[in-house]
Amino acid sequence: MAGEAELRLREQLSRLRSLPLLRGAKLSGELERLQKQLDRIVAEPSDEEIWRSVELARHTDRPYTLDYVDRLLEDWFELHGDRHHGDDAALVAGIGRFRGRTIVLLGNQKGRDVKERTRRNFGMAYPEGYGKAMRAMELADRHRFPVLSLVDIPGAYPGVTAEQHGQGGAIARSQALLSRLRVPVVTCVIGEGGSGGAIATALADRVLMQENAIYTVISPEGCAAILWRDAGEARKAAAAFKPDAAHCLELGVIDAIVPEPEARRAYRP
Amino acid sequence: MSERIDVSIEHKHAPSDDGARPHPNTCPSCGSHYRDDELAEHLNVCPHCGHHFPVHARERILQLTDEDSFVEEAAELRSDDPLGFFDLRPYTERLAEAELSTGLGEAMVIGRAAIEDEPCQLAVMEFGFMGGSMGRVVGEKFARACEGAAERGVPLVSVTTTGGARMQEGILSLMQLPRTVCAVEDLHDSGGTLISVMAHPTTAGVLASFASLGDVIVAEPGALLSFTGPRVVQQTTREKLPEDFGLAEANYRHGHVDSIVPRPELRPTLGRLLRLFANGR
């Protein structure tokens with residue numbers, strides 16, 4: 001899409017330049033505006049780069065929440081259960097020490113092999129997961145522990161039980177609780193920031209995003225299925241709604257981008 | 001710029017893939033057919049079987065509020081196109097078409113009103129405007145409705161009918177979830193009340209934000225209230241769905257709504273709730 005837009009702008013520019021400058025002042029203003037737009041488009045990630053982000057964000061060699069826990073936290077103690085129905089392995093919560101200070105960490109957790117992936121439900125949380133997250137948030141608020149939330153979720157789980165247990169309401173209340181916390185909350189989108197399932201734990205004082213993470217209102221496949229009537233057009237959908245970190249920063253949705261090492265090294269957790 | 005505008009892709013009443021779509025005035029549940037005035041007289045509820053037809057925002061406001069009490073606010077707000085979004089058609093074209101067909105500037109109408117002499121603030125969604133989807137302007141209007149309610153010290157009544165966040169504004173639409181959540185929290189901080197009326201359908205991003213945060217949540221009979229719609233759940237999980245999957249009745253059974261209120265009882269119910277929250281003031 002950027003390609004088309006770029007071509008259109010270039011064409012307009014050249015047409016304007018070739019006009020005899022009868023009303024010069026106005027035209028040069030227009031020229032400047034178009035040139036600026038063009039510069040912006042050229043600096044923006046291309047459709048291919050955006051799709052590469054989608055693929056990298058989903059890469060199975062990418063570090064997951066518990067990989068970060070191993071490397072960032074000491075004395076990690078994982079909390080289990082929402083104290084109502086059960087424990088959701090797709091969303092982990094716990095207490096640990098980060099640089100000498102106790103924090104509460106929340107994070108979506110995917111699995112690497114088939115067994116682990118199934119156990120973690122491909123990282124797709126149930127309302128029970130948000131229930132556990134809310135319990136951890138309350139704990140953090142009570143004890144003045146800052147909250148770090150790592151986001152890596154394709155989307156909240158779309159299942160019958162999830163609906164029966166109130167998926168929509170759980171996501172709404174999780175955000176409401178985050179907005180009320182008196183302790184600092186920092187979020188980093190470390191992989192997929194998929195829609196409502198992601199924002200449920202991403203309302204924060206500071207929102208970071210990794211260079212190759214994506215943050216989306218709907219999955220590219222879902223968007224393509226609805227607007228293009230063909231889930232196979234996911235690339236076009238991704239190019240149109242621009243889920244990459246550079247665009248999220250430009251749109252003011254995140255505060256900063258966390259650079260990643262070269263792909264080759266990054267994907268050995 | 002002689003862009004070719006393709007208008008052939010989408011027709012509002014085009015037949016669906018699985019055969020002809022019934023006339024909007026034909027009851028999908030019992031097959032009875034009505035004239036516009038017959039339906040309007042019965043608040044768009046099938047007199048034969050009780051099926052609740054959709055209600056447009058303007059009509060809903062007329063049904064609920066005291067005569068001439070509604071004063072619209074922020075009617076001038078219009079969405080722009082922050083991403084230059086283009087699927088099969090440009091977003092701007094879809095917006096223009098929605099405005100023409102609904103006569104509304106966006107998918108939500110807000111304003112001050114009175115219901116059974118009780119003053120309140122209203123935020124009513126319009127499904128006919130791009131599926132009642134929530135982009136930045138809907139988020140802004142809802143936030144202003146919360147502020148208006150707080151300033152005037154009256155409850156806010158929201159009536160939702162929506163497919164969720166608006167894809168065409170991308171991640172900025174997702175940001176309307178926390179935005180409206182925070183607006184409700186601010187309203188609650190000021191001692192204010194949100195009464196959430198969920199009409200068919202209230203799904204995805206709106207269900208996962210302000211609509212679920214009502215002090216009281218009521219639903220219309222048969223309304224689909226689910227984070228994910230039945231089709232996607234079926235496709236993703238291959239589970240057999242219960243017959244009433246995601247419907248208001250199932251949500252009531254599972255404890256997610258306080259009451260299912262048939263449309264003819266909605267106005268008196270809201271009047272009663274407004275009196276209760278006004279607490280004799």
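## Close-up views of a predicted two-chain model

**View 1. Helices α3(A) and α11(A) are roughly perpendicular to each other, therefore this legend starts with their crossing.** As in every view here, the model is a predicted one. The two axes, of α3(A) and α11(A), cross at roughly 105 degrees and come within 9 Å. On the α3(A) side you will find Asp47(A), Ile50(A), Trp51(A) and Val54(A), which meet Arg235(A), Ala238(A) and Ala239(A) of α11(A). Sorted by class, the residues of this contact are five nonpolar, no polar and two charged.

**View 2. Helix α10(A) has its buried residues covered by elements that include α3 (47-57) and α11 of chain A.** Which residues of α10(A) are buried? They are Pro220(A), Gly222(A), Cys223(A), Ala224(A), Ala225(A) and Leu227(A). Just after α10(A) comes Arg229(A), so look there for a positive phi, near 60 degrees.

**View 3. Chain A as a whole has 13 helices and eight strands.** Chain A has 269 residues, and 46% of them count as buried. Taking the contacts in chain A between residues at least 6 apart in sequence, 70% join residues at least 24 apart.

**View 4. Chains A and B meet in a contact that takes 37 residues from chain A and 41 residues from chain B.** On the side of chain A that touches chain B, the elements giving two or more residues are α7 (160-164), α8 (167-180), α9 (195-199), β7 (214-216), α10 (220-228) and α11 (234-241). Which of these gives the largest share? It is α8(A), with nine residues. The chain A side divides into 23 nonpolar, eleven polar and three charged residues. Readers of the earlier legends will recognise α10 and α11 of chain A in this list.

**View 5. The largest nonpolar core has 141 residues.** In soluble globular proteins, nonpolar side chains tend to be buried together. The residues with the most contacts inside this core are Ala125(A) and Met209(A), along with Met108(B), Phe142(B), Cys146(B), Leu156(B) and Met198(B). Helix α4 (residues 136-152) of chain B gives the most to the core, with seven residues. For a look around Met209(A), set aside its neighbours within four places in sequence: Met209(A) is then in contact with Cys188(A), Val189(A), Tyr215(A), Ala245(A), Cys248(A), Ile254(A), Ile257(A) and Val258(A).

**View 6. Helix α4(B) packs against helix α6 (residues 176-189) of chain B at an angle of about 5 degrees.** Two packed helices are described by the angle between their axes and the distance between the axes. For this pair the axes lie 9 Å apart, and the angle makes α4(B) roughly parallel to α6(B). From α4(B), the contact uses Arg136(B), Val138(B), Gly139(B), Phe142(B), Ala143(B), Cys146(B), Ala149(B) and Ala150(B). Facing them, α6(B) brings Gln176(B), Arg179(B), Thr180(B), Ala183(B), Val184(B), Asp186(B) and Leu187(B). By class, nine residues of the contact are nonpolar, three are polar and three are charged. Phe142(B) and Cys146(B) take part in this contact and are also among the residues with the most contacts inside the largest nonpolar core.

**View 7. Chain B is divided into domain 1 (1-53) and domain 2 (54-278).** How far apart are the C-alpha centres of the two domains? They lie 21 Å apart. Ten residues of domain 1 are in contact with 13 residues of domain 2. On the domain 1 side of this contact, five residues are nonpolar, three polar and two charged.

Note on methods
Residues numbered from 1 in each chain as written. Chains lettered and ligands numbered in written order. Predicted model: local features only at pLDDT ≥ 70, side-chain atom pairs only at ≥ 80, totals over all residues. Domains from an automatic or database assignment. Contact = placed C-beta atoms within 7 Å. Nonpolar A, V, L, I, M, F, W, Y, C, P; charged D, E, K, R; others polar. Core = buried A, V, L, I, M, F, W, Y, C linked by C-beta atoms within 7 Å. Buried ≥ 20, exposed ≤ 12 C-beta atoms within 10 Å, placed from the backbone. Helix = DSSP H or I, 4+ residues; strand = E, 2+ residues; numbered from the N terminus. Axes fitted to C-alpha atoms, helices over the stretch in contact; angles between N-to-C directions. Parallel < 35°, antiparallel > 145°, perpendicular 65-115°, else oblique.
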